[in-house]
Amino acid sequence: MSTSRRAGVSIGLLLLAAGCAREPPATIEPGSDPAEARRQLAAAAQAGPVPFVLLRLEDRPSEAEAAALAARGVSGLAVRFAPAPPTTGGRRLVVALDGLDEPAAICAPAGQGAVAPAARAVLAAWCEEDRPVARVRLPAAVDRVERERALWRATARLFPDDYADTYGWNLFGLRLTIGGSFGF
């Protein structure tokens, strides 16, 4: 094989590897209970649209687009999020695309966790009144595509699929499921 052909193959393999590289994971904040957040979301979704609060500095994505993207991230559950004002109490999903001055206050009434002037991290929380049931943090999303992807990645991690727990068989404490996946 010629040197130029080897170089081309090497570059191609590097590009393929770069394309398959994983994005930084969404981390679950300490004290969070994503399984409980999913149970509460399932109950709230049965009652109708679930309140959704979006905190951001830029106009894009709009509240309606963000609500649809957040719903897309929840697998195995039919849920529809409806934009709500930041002062909404009760159970709700709150997403801060540009970080917060006080991340622990993401569920607090408007003004206490003011949006920071510079993007630090994407934060998402399932809130029950002023208490976060579960919180997820992702690296700061800078462009439009990253911001939109961060929404569904955050909700996927915040409300993990409970398929195995719901549909599996319990055989002496060992959970058995039938399933498969296809991906590339």
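A salt bridge is counted here where a side-chain nitrogen of Lys or Arg lies within 4 Å of a carboxyl oxygen of Asp or Glu. That cut-off matters for R135 in this predicted model, since R135 is buried and yet has no salt bridge, the nearest side chain of opposite charge, that of E29, being 4.1 Å away. The separation of 4.1 Å therefore falls outside the limit of 4 Å, and the pair is left out of the count. R135 sits in strand β6, which runs over residues 131-139. Once its neighbours within four places in sequence are set aside, R135 is in contact with T27, I28, E29, P30 and S32, with P103, A104 and I106, with A124 and A125, and with L158.

Before following these contacts outward, it helps to have the whole chain in view. The protein chain contains five helices and eight strands, and along the sequence these are arranged in the pattern α-β-α-β-α-β-β-β-β-α-α-β-β. Of its 184 residues, 35% count as buried, while the accessible surface comes to about 10800 Å², with 58% of that area belonging to carbon and sulfur atoms. Among contacts with a separation of 6 or more, 63% are accounted for by residues 24 or more positions apart.

The salt bridges give concrete cases of links across the sequence, and by the rule stated at the outset their count comes to eight. One of them involves E29, the acidic residue that R135 does not pair with under the rule: the side chains of E29 and R137 meet in a salt bridge, with a distance of 3.0 Å from N to O. Because R137 lies in strand β6 and E29 in the loop between β1 (27-28) and α2, this pair ties together parts that are 108 residues apart in sequence. The two partners fall into separate accessibility classes, for E29 counts as buried at 15% relative accessibility, whereas R137, at 27%, counts as partly exposed.

A second salt bridge joins the side chains of R38 and D161, at 3.9 Å from N to O. Since R38 lies in helix α2 and D161 in the loop between α4 (144-158) and α5 (163-167), the pair ties together parts that are 123 residues apart in sequence. Here R38 is the buried partner, at 5% relative accessibility, and D161 is partly exposed, with a relative accessible area of 43%.

A third case is E128, which forms a salt bridge with R91, the closest N and O atoms being 3.1 Å apart. Strand β5 (residues 121-128) holds E128 and strand β4 (residues 91-96) holds R91, so that distant parts of the chain, 37 residues apart, are linked. Both partners are partly exposed, E128 with a relative accessible area of 23% and R91 at 35% relative accessibility. Through shared partners, salt bridges join R91, E128 and R131 into one network. In the loop between β5 and β6 lies E129, which has a positive phi of about 60° although it is not a glycine, and which counts as partly exposed at 47% relative accessibility.

What remains is to look at two of the helices that these links have brought up. Helix α2 (residues 34-46) has 13 residues and reaches 18 Å from its first C-alpha to its last, close to the 18 Å expected at 1.5 Å a residue. Its buried residues are P34, A37, R38, Q40, L41 and A45; seen down the axis of α2, they fall within an arc of 165°, and so they line one face of the helix. The R38 of the salt bridge with D161 is thus one of the residues on that buried face. The helix is followed by G48, whose phi is positive, near 130°.

For helix α4, the 15 residues should span 21 Å at 1.5 Å a residue, and the end C-alpha atoms are indeed 21 Å apart, which agrees. The buried residues in α4 are R147, E148, A150, L151, R153, A154, T155 and L158, and what covers them includes α2, β2 (50-55), α3 (63-72), β4, β5 and β6. The last of these strands brings the account back to its start, for L158 is among the buried residues of α4 and is also one of the contacts of R135, which lies in strand β6.

Methods: Residues are numbered from 1 along each chain as its sequence is written. This is a predicted model: local features need pLDDT of at least 70, side-chain atom pairs count only at pLDDT 80 or more; totals for chains, interfaces and linings use all residues. Side-chain values use heavy atoms; hydrogens and water are left out. Helices (H or I, at least four residues) and strands (E, at least two) are DSSP runs, numbered from the N terminus. The expected span of a helix is 1.5 Å times one less than its number of residues. Buried means under 20% relative accessible area, exposed over 50%, partly exposed in between (1.4 Å probe, protein chains only). The arc is that of the directions from the helix axis to the C-beta atoms. Contact means heavy atoms within 4.5 Å. Accessible areas come from the Shrake-Rupley method with a 1.4 Å probe; for residues, only the protein chains shown count as cover. Lys and Arg count as positive and Asp and Glu as negative; His and the chain ends are not counted.
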